[in-house]
Amino acid sequence: MQVHLVAGGKYHDIDFARLELLKLFAEEPRIRASVAPDFGDLDRLAECSLLVSYTVDLVPTPPETVAIRAWLEAGGRWLVLHGTNSILRFRADGLVDSPAERDDVMALIGTQFVAHPPIGPFRVDVVSDHPLVAGEAPFEVVDELYLQRRLADDLEIYLATRFTGEATGFVVSHWEDAEVPILYQRRQGKGRVLYYALGHARGHFDLPVFTPFWTHPERCAWNYPVHYRLLRRCLAWGLGKID
């Protein structure tokens with residue numbers, strides 16, 4: 001089973017996430033994985049049935065997006081993790097903007113990150129009996145809660161939460177009773193996209209735009225067994241064991 005992992009971007013401990021994902025790959029002896037820092041290796045993608053991405057402020061270029069769309073239409077599966085749906089712009093006034101610059105790729109994913117409140121606890125509810133979440137109970141997690149705008153109306157939502165409050169530091173800061181998908185699937189031709197929002201990670205040196213040394217590394221959902229359990233289910237989906 002050929003799997004391609006794209007792990008790259010900004011403001012997060014990409015090395016940590018890459019290693020944890022590769023450890024999960026190693027639990028499945030059928031997986032033969034390649035790793036890249038961006039979406040540019042389209043020849044390798046064509047050899048694979050599963051694309052996994054953990055990126056932040058790094059999205060496919062327009063030609064790469066066209067190729068990924070065609071690959072999905074033909075039956076590929078794309079597991080989209082955490083910040084892959086993010087575009088971040090730090091403005092002169094100190095606020096962070098998430099501009100609608102790449103609706104081509106965000107429409108494939110189904111959502112675009114807009115903002116998040118300060119890292120803290122929130123409840124995740126199971127809103128489906130789909131095999132991806134069957135038997136799971138609602139749980140509380142400390143993580144970045146990714147507030148999103150939707151670019152597709154065909155999201156099959158399996159985990160979700162709601163949020164009312166302030167996303168301090170972002171251009172779109174006030175949110176009122178927003179439904180926030182945490183795990184959802186959408187179909188693209190013969191292929192599928194599965195988005196899972198949890199999994200923030202930050203090390204000491206990952207936010208130089210604010211400080212040269214981030215005092216307290218953040219592992220968030222990676223501290224919880226439920227996160228790894230859900231990632232294993234997502235990989236089983238990618239391998240065709242779960243539809």
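Is His82 buried or exposed in this predicted model? His82 is buried, because its relative accessible area is 0%, and buried means under 20%. The views below start from this residue and then move around the rest of the protein.

**View 1. Two residues with an unusual backbone twist, His82 and Asp57.**
Most residues other than glycine have a negative phi. His82 goes the other way, with a positive phi near 45 degrees. You'll find His82 in the loop between β4 and β5. Asp57 isn't a glycine either, and its phi is positive too, at about 55 degrees. Look for Asp57 in the loop between β3 and α3 (62-73). Asp57 has a relative accessible area of 13%, so it counts as buried.

**View 2. Phe113 and Tyr146, a tilted pair of rings.**
The protein has 10 aromatic pairs. In the one formed by Phe113 and Tyr146, the ring centres are 4.5 Å apart and the planes meet at 55 degrees, so we call the pair tilted. Phe113 comes from strand β7 (residues 111-115), while Tyr146 comes from the loop between β9 (139-143) and β10 (147-150), so the pair ties together parts that are 33 residues apart in sequence. Both partners are tucked away: Phe113 is buried at 1% relative accessible area, and Tyr146 is buried at 3%.

**View 3. More aromatic rings, some with a charge on top.**
Phe16, Tyr54, Trp222 and Tyr228 join up into one aromatic cluster. Elsewhere, Arg77 lies over the face of Trp237, 5.0 Å from the ring centre. Arg202 does something similar with Trp214: its charged end sits over the ring, 5.2 Å from the centre.

**View 4. Helix α5, mostly under cover.**
Helix α5 (residues 225-238) has 14 residues, which should span 20 Å at 1.5 Å a residue, and its end C-alpha atoms are indeed 20 Å apart. How many of the 14 residues of α5 are buried? The count is 10, so this helix is mostly covered. Among the buried ones are Val226, His227, Tyr228, Leu230 and Leu231. The buried set also includes Cys234, Leu235 and Trp237. Just past the helix, Gly240 has a positive phi of about 85 degrees.

**View 5. Ala236, a residue of α5 up close.**
Ala236 belongs to helix α5. Its relative accessible area is 17%, which still makes Ala236 buried, as the cut-off is under 20%. Leaving aside residues up to four places away in sequence, Ala236 touches Lys241 and Ile242. Now look at Glu28: it is 208 residues from Ala236 along the chain, yet their C-alpha atoms are separated by 9.3 Å.

**View 6. Leu79 and the largest nonpolar core.**
The largest nonpolar core has 82 residues. Which of them touch the most other members? They are Val52, Trp78, Leu79, Ile182, Leu183, Tyr196 and Trp222. Helix α5 gives the most to this core, with 8 residues. Zoom in on Leu79 and, not counting residues up to four places away in sequence, you'll see it touching Leu50, Leu51, Val52 and Ser53, as well as Leu194, Cys234, Leu235 and Trp237.

**View 7. Helix α1 and its packing partners.**
Helix α1 (residues 14-26) is 13 residues long and reaches 18 Å from first C-alpha to last, close to the expected 18 Å. Its buried residues are Ile14, Phe16, Ala17, Glu20, Leu21, Leu24 and Phe25. In an α-helix there are 3.6 residues a turn, so residues three or four places apart point the same way. The buried residues of α1 pack against β1 (2-9), β2 (32-36), β3 (50-56), β4 and α5.

**View 8. Asp125, a residue that is partly exposed.**
Asp125 sits in strand β8 (residues 120-126). With 26% relative accessibility, Asp125 counts as partly exposed. Its contacts, not counting residues up to four places away in sequence, are Pro138, Tyr158, Leu159 and Ala160. Asp125 and Tyr158 are 33 residues apart in sequence, and 8.5 Å separates their C-alpha atoms.

**View 9. How confident is the prediction?**
The mean pLDDT of the protein is 97, and 100% of its residues reach 70 or more. Among the elements, strand β5 (residues 89-90) has the lowest mean pLDDT, at 95, and strand β4 (residues 77-81) has the highest, at 99.

Conventions. Residues are numbered from 1 along each chain as its sequence is written. This is a predicted model: local features need pLDDT of at least 70, side-chain atom pairs count only at pLDDT 80 or more; totals for chains, interfaces and linings use all residues. Side-chain values use heavy atoms; hydrogens and water are left out. Rings of Phe, Tyr and Trp (its six-membered ring) pair if their centres lie within 6.5 Å; planes under 30 degrees apart count as stacked, over 60 as edge-to-face and the rest as tilted. Helices (H or I, at least four residues) and strands (E, at least two) are DSSP runs, numbered from the N terminus. Buried means under 20% relative accessible area, exposed over 50%, partly exposed in between (1.4 Å probe, protein chains only). A charge sits over a ring if NZ of Lys or CZ of Arg is within 6 Å of the ring centre and within 35 degrees of the ring normal. The expected span of a helix is 1.5 Å times one less than its number of residues. pLDDT is the predictor's confidence in each residue, from 0 to 100. A nonpolar core is a set of buried Ala, Val, Leu, Ile, Met, Phe, Trp, Tyr and Cys residues joined through side-chain atoms within 4.5 Å. Contact means heavy atoms within 4.5 Å.
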